[in-house]
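Me: Could you take a close look at the surroundings of the bound ligands for me? I'd like to know what kinds of residues sit there, and how they tie in with the interior.

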Amino acid sequence: MKTELQKLLIEAENLQEQNKKFFAYLRKKKPKNLDYIVHELHLEAFDKINCLECANCCKSLGPRITDKDIEKLSKALKMKSAVFIETYLRIDEDRDFVFRTMPCPFLMNDNYCMVYENRPKACREYPHTDSRQFYKLLNLTLQNTKTCPAVVLIVEELKTKV
Ligand code: SF4
Ligand code: SF4
């Protein structure tokens, strides 16, 4: 990961207590237009950050793999679903399928995703800062400040907007 992206994660680590208080404030206040503001900040953050210089989510978070994901991925890889599951997946403590190994087995050396067109839904939606009803994702977003530099940027800017 590029040094400046690492710096953002370190900065967020140092701001954890402040961030917890800020998210408690958001939970209580439920600011109007929160989705609109966060979606704008999401676009700004991903204009500044190139995921190919980061890939931290693919290296450190295990996305939940749905039955639909298994169907798409095994078809794309021309494997039987059972073989795909046996080769790449395990069941975690929540009884969900996740990748057997991390970093993700489909992450290539240049940080490209080998199965990009067919990547799991959780990968497509991460870090959820362009989702509707952001208010429901506050805990998850606070958690994501530990992993995603873009989320750190979004949260820092959000502090100046609400
Ligand atoms: S979504 Fe976040 S953690 Fe994942 S590669 Fe992009 S900036 Fe990095
Ligand atoms: S499937 Fe692709 S996008 Fe998802 S974690 Fe693996 S490399 Fe990253």
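Reply: Happy to! By class, the shell around ligand 2 holds nine nonpolar residues, no polar ones and one charged (nonpolar: Ala, Val, Leu, Ile, Met, Phe, Trp, Tyr, Cys and Pro; charged: Asp, Glu, Lys and Arg; polar: the others, Gly among them). This is a predicted model, in which local features need pLDDT of at least 70 and side-chain atom pairs count only at pLDDT 80 or more, while totals for chains, interfaces and linings use all residues. Residues are numbered from 1 along each chain as its sequence is written, with chains lettered from A and ligands numbered from 1 in the order in which they are written.

Around ligand 2 (C-beta, placed from the backbone, within 6 Å) you will find Cys58, Cys104, Cys113 and Cys123, among others, along with Arg119. The shell of ligand 1 has 10 nonpolar residues, two polar and no charged. Cys51, Cys54, Cys57 and Cys148 are among its members, as are Ile49, Pro149 and Ala150.

Helix 4 (56–60) and helix 9 (149–161) each give that shell at least two residues; helices are DSSP runs of H or I, at least four residues long. Buried residues of helix 9 include Pro149 and Ala150 (20 or more other C-beta atoms within 10 Å). Ile49 and Ala150 also rank among the residues with the most contacts inside the 30-residue largest nonpolar core, a set of buried Ala, Val, Leu, Ile, Met, Phe, Trp, Tyr and Cys joined through C-beta atoms within 7 Å. Helix 9 provides the largest share of this core, seven residues.

Methods:
Buried ≥ 20, exposed ≤ 12 C-beta atoms within 10 Å, placed from the backbone.
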